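Here is a friendly walk through the strands, rings and core of one protein model. Have your viewer at hand and follow along.

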Amino acid sequence: MGEILVNSGDEKDWQKHSDVKLRNGANPNLSWQLLIDASKQKSEGLSMGSLRLPAGEILPLHNHKEEEIYFILQGKGEILISVTETRPVVEGDSVYIPKGFPHGVKNTGDIDLMFLWVFPKDSWHDIEYNYLGN
C-alpha cells in the first residue's frame, strides 16, 4: 500500500535537457521539475511535473504514446497543434492531449509560461518524445 506524499517543489530541483535530447530536437532554454515521479519517490500509475518556458520560447512540436494533461499556472501562450495550427492558453486553462497527437507550446507573453503536466505513467523518464520539427 502506498502513502500520501507532499512535495514542496524546491527551487533547486529544476532540470535541463541532456545533450542527447537536445540533438533529438529538445529546447535547451526550457526547464522542468519532476514533482511526483517514481524516479524520486514511491508513486504508481501517475507522474506530474512543472515546466518553465521563458518568454518567446517553444516546447517543440512532438508526440508520444501516452495521453497527457497540462494545467497553465502562469503566463500566456499557444498550444501547437501542427506547424500552422495553434490554440491560445492562459493562466487557469487546462489542456487534454490524446495519445499520439502532435502538440507543443509557445510562450507568447513577456513572463515565463509555467504549467503542470500529468502522465498516466510511473515516471516521466518512461515517456518517449518524438520531436516532429517546426
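## Ground rules

Two strands count as paired if DSSP finds at least two bridges between them, and strands (E, at least two residues) are DSSP runs numbered from the N terminus. With that in place, here is a first piece to look up: a hairpin of five residues joins β5 to β6.

The model is predicted, so local features need pLDDT of at least 70 and side-chain atom pairs count only at pLDDT 80 or more, while totals for chains, interfaces and linings use all residues. Residues are numbered from 1 along each chain as its sequence is written, and side-chain values use heavy atoms, with hydrogens and water left out.

## The sheet with the hairpin

That hairpin belongs to an open sheet of five strands in the order β6-β5-β8-β3-β10, with antiparallel pairing. Its edge strands are β6 (86–90) and β10 (130–131), each of which pairs on one side only.

Five bridges hold β5 and β6 in an antiparallel pair, and here E78 stands opposite P88 in β6. On the other side, β5 (residues 76–80) runs antiparallel to β8 (residues 103–107), with four bridges between them; the bridge partner of G77 in β8 is N107.

## The other sheet

Another open sheet has five strands in the order β1-β2-β9-β4-β7, again with antiparallel pairing. Here β1 and β7 are the edge strands, each pairing on one side only. Neighbouring strands are turned by 20° against each other on average, direction ignored (axes are lines fitted to C-alpha atoms, for helices over the stretch in contact, and angles run from 0 to 180 degrees between N-to-C directions).

Within this sheet, β4 and β9 pair in the antiparallel sense over five bridges. Look for Y70 there: its bridge partner in β9 is W117.

## Aromatic pairs

How many aromatic pairs does a search of the whole structure find? There are five. Rings of Phe, Tyr and Trp (its six-membered ring) pair if their centres lie within 6.5 Å; planes under 30 degrees apart count as stacked, over 60 as edge-to-face and the rest as tilted. One of the pairs is Y70 with F115, tilted, at 4.4 Å centre to centre and 50° between the planes. Because Y70 lies in β4 (residues 68–74) and F115 in β9 (residues 113–119), this pair ties together parts that are 45 residues apart in sequence. Both Y70 and F115 are buried (under 20% relative accessible area, with exposed over 50% and partly exposed in between; 1.4 Å probe, protein chains only).

Y129 and Y131 form a stacked pair, 6.0 Å centre to centre with 25° between the planes, and both of these residues are buried. Ring pairs also link Y129 and Y131 into a cluster with W32, W117 and W124.

## The nonpolar core

A nonpolar core is a set of buried Ala, Val, Leu, Ile, Met, Phe, Trp, Tyr and Cys residues joined through side-chain atoms within 4.5 Å. Which members of the largest core touch the most other members? Of its 22 residues, they are Y70, V105, F115, W117 and W124. β1 (31–36), β2 (47–53), β4, β7 (94–97) and β9 each supply at least two residues of this core, and β9 gives the most, with four.

W124 is a good residue to zoom in on. Leaving out residues up to four places away in sequence, W124 touches K21, W32, L34, D37, S47, W117, F119 and Y129 (contact means heavy atoms within 4.5 Å).
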